[in-house]
Amino acid sequence: MPGPATRALLATSIGHVLPSISRIAKALGLTVYSSPQLLDLLDDRGGRRLDRLFQVLARELTAAETEAVRVVTDPPAEGAALTARLLTSPSLAVELARRGVTVEVGVLAEAEFWSVYQPIVSLADRSVVAHEALLRGVVDGREVGGGDLFFVAEQAGWLHRLDRIGRESAVVGAAPWLGDDDLFINFNPTSIYRPQVCLASTERVVHETGIEPSRLVFEVVESHAVADRGHLVSILDHYRSLGWRVALDDVGAGWSSLSLLAAVRPEVVKLEKSLVQELPDDGARTVLKAVTDLAHQLGAVVVAEGVETERLADEVTALGADLGQGWLFGRPVRPRPPVEEPEGRWQPVGAPRG
């Protein structure tokens, strides 16, 4: 495994990738020199910030993007040697693997998973109306967030199984306390090959817990939705046939947001967190207003994510958002287990009420 690096060169011909990496690197405190197809990153903290950058990129970039980026760490200063290193440099995906970002499938198979839940509130009166389930786990003795879990699963070919675990954990964990609130559950369409087969166990768990199907809102990230729109639509049609609703997440993050909204026609639209947090920037406001207006024209409810201050709550309310989600309203928490009844007390047999 390579040691810490204090400088890295990253190159790619894909136009949108390097600006994204540059923004992340600057946010982490790295010194960034950029040209159209090359980034030169310097770390004055002995490599700790570059290590952190690689961890973040593993979560933020797709597998295709990491394959398309070439990286050289601690490059030679001499021109000819530097050119030779660039020409023979590994992809970012290989560099991440060399640095131990991925783990073996066997480690995932022995992991412990559970769901935490973040409240979603009505912006009109701040009442809690829904909860988003987020997967957490202990892998090899270390607690790991959902982004890292799904990155590792995708690299290890385990995505379809972890996605199923996430869906079913969300339903089972919420059943004892959900009541009349809605439950938002994330899914990745690439993990579902044939909806009737891949979603059968999730459908069975919903039935066994007694949660009303209409309470369930399955959300897909916009970037995942763009990859294969026809496949996504077939999945969403199956969801709706079961009485489940559909949410499009991170809307506004991509150039195709408005056309995707018209094609998918989700029941819920979630505004992209980073755009919300750029308010009151005029550009962000223009994009979010356009998305919100179109969503309402299509009959969708609009959720503003990333609301962490009262100022942002006022901003998104003024834009017309219906619901809010973010640290201002509550952080993701693992609900306490229900209190056990004393032994000997009669209890009815049956599924918990939703």
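**Exercise 1. Determine which residues tyrosine 239 touches, leaving out those up to four places away in sequence, and place it within the nonpolar interior.**

*Solution.* Step 1: In this predicted model, tyrosine 239 touches Arg167, Phe187, Ile192, Leu199, Phe218, Trp244 and Val246, when residues up to four places away in sequence are not counted.

Step 2: Tyr239 belongs to the largest nonpolar core, which has 52 residues. The residues with the most contacts inside this core are Leu183, Phe187, Leu216, Tyr239, Val307 and Val316.

Step 3: Another core, of 25 residues, lies apart from the largest one; Val56, Ala58, Val69 and Leu92 are among its members.

**Exercise 2. Establish how the buried residues of helix 16 are arranged about its axis, and what covers them.**

*Solution.* Step 1: Helix 16 spans residues 310–319, and its buried residues are Leu312, Ala313, Glu315, Val316 and Leu319.

Step 2: Viewed down the helix axis, these residues fall within an arc of 160°, so they line one face of helix 16. In general, an α-helix has 3.6 residues a turn, so residues three or four places apart point the same way.

Step 3: Asp314 and Ala318 are exposed on the other side of helix 16.

Step 4: The cover over the buried residues includes helix 14 (273–276), helix 15 (282–297) and strand 12 (301–304).

Step 5: Just after helix 16 comes glycine 320, with a positive phi of about 110°.

**Exercise 3. Decide whether leucine 53 is buried or exposed, and identify what it touches.**

*Solution.* Step 1: Leucine 53 is located in helix 2, residues 48–60.

Step 2: The cut-off for a buried residue is under 20% relative accessible area. Leucine 53 has 0% relative accessibility and therefore counts as buried.

Step 3: Beyond residues up to four places away in sequence, leucine 53 touches Ile21, Ile24, Ala25, Leu28, Leu30 and Leu41.

Step 4: One of these, isoleucine 24, is 29 residues apart from leucine 53 along the chain, while their C-alpha atoms are separated by 7.3 Å.

**Exercise 4. Examine the surroundings of aspartate 43, including the nearest side chain of opposite charge.**

*Solution.* Step 1: Aspartate 43 lies in the loop between strand 3 (38–42) and helix 2.

Step 2: Aspartate 43 is buried yet has no salt bridge. The nearest side chain of opposite charge is that of arginine 49, 4.8 Å away, whereas a salt bridge requires a distance within 4 Å.

Step 3: A polar atom of the aspartate 43 side chain lies 3.0 Å from the backbone nitrogen of leucine 50.

Step 4: Apart from neighbours within four places in sequence, aspartate 43 is in contact with Ala5, Thr6, Leu30, Arg48, Arg49 and Leu50.

Note on methods. Residues numbered from 1 in each chain as written. Predicted model: local features only at pLDDT ≥ 70, side-chain atom pairs only at ≥ 80, totals over all residues. Heavy atoms only, no water. Buried < 20%, exposed > 50% of the residue type's maximum accessible area, 1.4 Å probe, protein only. Helix = DSSP H or I, 4+ residues; strand = E, 2+ residues; numbered from the N terminus. Arc of directions from axis to C-beta. Contact = heavy atoms within 4.5 Å. Lys, Arg positive; Asp, Glu negative; His and termini not counted. Polar contact = N/O pair within 3.5 Å; in protein donor to acceptor, adjacent residues only side chain to side chain. Core = buried A, V, L, I, M, F, W, Y, C linked by side-chain atoms within 4.5 Å.
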